[in-house]
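These notes are meant for a colleague who is opening this entry for the first time. Please keep the sequence and the model side by side while reading the points below.

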Amino acid sequence: MNATAASFQFPRAGLAGLKDNWRADLLAGFQIFLIALPLCLGIAMASQFPPMAGIIAAMVGGLLISRINGSYVTISGPAAGLIVVTLGAVDTLGGGDPVAAYHRTLAVIVCAGMLQAVICFLRIGRLMALVPASVVEGMLAAIGVIIMAKQFYVMIGVKPEGELLESIAAIPGSLLKMNPEIAAIGLSGLALLILWEIIRPRVKLMEWIPAPIVVVSLGLVMGALFDLDHHHKYSWHSTFYEVGPESLLPVPQSFWDGFAFPDFSMIGTGAFWIAVISVCLVSTLETLLSAAAIDKLDPYQRQSDLNKDGAALGIGSSISGAIGGLPMISEIVRSSANIRFGARTGWANFFHAAFLLVFVALFPSLIHEIPKAALGALLVFTGYKLASPRQFLSVWEIGKEQLFLFVFTIFAVLATDLLIGVGLGVVAKIVLHVLRGVNFKQLFKIAYHIDQPDAHTYHVRIDGAAIFSNFLALKSALTNLPQQKNIVFDLSRTEFIDHTVMDFIHEFCRDYEKHGCTCIINGLESHETASDHPLAARRRRSLNHLGALFLSSVLNKTTKSNAGSRERR
């Protein structure tokens, strides 16, 4: 068994887990509450939902879904990655009426959550593997670019101009029009986030102080100094500016006034169902990816039931949408922070939602004082992390083909929309495989053989091409293999293996070896790689190339032998 897992006893679940771990989970839940509060408000604002919609989603995710999901230390709630699809539904279904758009989008969220629950309940969430890793990363990076483009204007107090690409191009010019008081709050918050990211690893105390709550606190102080509660005009370099309460979050005075109900009047239209599919696709993808990623960080090395988790979060999104909230996923940033703060069970998720509930019920007036620019800074920084140069570099290290697909998907999403952009990315990947010589018949059908040469070993041989669009059958077969056996992969007859399959085999071996067994991969020495990255795509060398290598090897050995003979003489 893995050394880390073996050194701990798994925390108990349910009420027994609460009794054992309530102190650690309560502390972690409070820390996550401090992170989640401003992010939930900002995500709702960016989605053109009432601010309370983000809080509602987090409360449903923590108070209800944490009791039925299939993961252990994930935090459920709204996520930046869902802003674009939610905002797209608002823009499409509104007809110029923001109130109607909100209620119709709630209906979209209810239906998308139900669809996600069915997909995961029937265990067909595995079809998400048909979206290549580079295309998923490109989709998330495009979402990051869109968030930055839209929230930059909020951060500096300027109204955006034109469509998405036009507003991106207009960003440099918008700096000349920025409202000095609003920009001072937004840019100060952004600068603080950047400095916090640089200094935090060097100062242990800062690990326990969430940057988002510091940014919001700074915004509250600056908003009070600038008297944003009241309309006023001021001049700056002979230019007059106007600010007032519209620069602050619109929050109802009563907690109960924050709830709303969906309008299903457009359920018979194509636009409604396109929005449903968009929300469902991104929610399901992000939920499954996040839960799998958090499992790798769990100090107890517990394995989530991804289908159960996805179904539970789909149910949670439907409940959230039914009472006025945003869709939800297992959010990776808050979940990783939850582990860092010492959470042991799903009760940390429950406690973070309980703290949110108490805070918004008792202090709605304080939430109203938060400047939109401070939340805009948080979201610009969040968008940057999704599309940072580091993301481009990590994809480049895997291979030029992956970088092409990554960049292609980004531009496809920006130029069209999320669904079309992802679809174009998948098609581009298939075209690249065909151009690299993959047989058309092998695009969707993999040839593999699983034998058991002895009682303790399984031998898995893959023939032909193993690529993202055909490996689901192999994935299912490997999942059904019994534990406590040794597995040998024979890839010597595999003509081509793409990055998605290499990543899957690597993760399968890593997880399988946690049970004390061994996984061996043979045959890769006969392949040439797209880059030096261990998970890069591989193509089997031609017979002529292999013959040349063999001849070169023989000549080298002969030369060394002759040289040794001369030395002995």
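Among contacts in the chain between residues at least 6 apart in sequence, what percentage join residues at least 24 apart?

1. The share is 77%, counted over those contacts between residues at least 6 apart in the chain. The reader should bear in mind that this is a predicted model.

2. As for secondary structure, the chain contains eleven strands together with 22 helices.

3. On overall dimensions, the C-alpha trace spans about 95 × 60 × 60 Å along its principal axes. The radius of gyration of the chain is 26 Å, and this agrees with a compact globule, because a globule of 569 residues would be expected to have a value near 25 Å.

4. Turning to burial and surface, 52% of the 569 residues are buried, while the chain exposes about 26100 Å², of which carbon and sulfur atoms supply 64%. The chain carries 43 positive and 41 negative charges, and the mean positions of these two sets lie 10 Å apart.

5. In soluble globular proteins, nonpolar side chains tend to be buried together. Here the largest nonpolar core holds 115 residues, and the members that touch the most others are Phe49, Ile55 and Ile367. Helix α6, which covers residues 133–156, gives this core its largest share, 14 residues.

6. Ile367 deserves a separate look: beyond its neighbours within four places in sequence, Ile367 is in contact with Leu37, Leu41, Leu249, Val251, Phe359 and Val360. A second core, separate from the largest one, has 24 residues, among them Val460, Val501, Tyr512 and Cys519.

Terms used. Residues are numbered from 1 along each chain as its sequence is written. This is a predicted model: local features need pLDDT of at least 70, side-chain atom pairs count only at pLDDT 80 or more; totals for chains, interfaces and linings use all residues. Side-chain values use heavy atoms; hydrogens and water are left out. Helices (H or I, at least four residues) and strands (E, at least two) are DSSP runs, numbered from the N terminus. The radius of gyration is taken over C-alpha atoms; the globule rule is 2.2 Å times the number of residues to the power 0.38. Buried means under 20% relative accessible area, exposed over 50%, partly exposed in between (1.4 Å probe, protein chains only). Contact means heavy atoms within 4.5 Å. Accessible areas come from the Shrake-Rupley method with a 1.4 Å probe; for residues, only the protein chains shown count as cover. Lys and Arg count as positive and Asp and Glu as negative; His and the chain ends are not counted. The place of a charge is taken as NZ of Lys, CZ of Arg, CG of Asp or CD of Glu. A nonpolar core is a set of buried Ala, Val, Leu, Ile, Met, Phe, Trp, Tyr and Cys residues joined through side-chain atoms within 4.5 Å.
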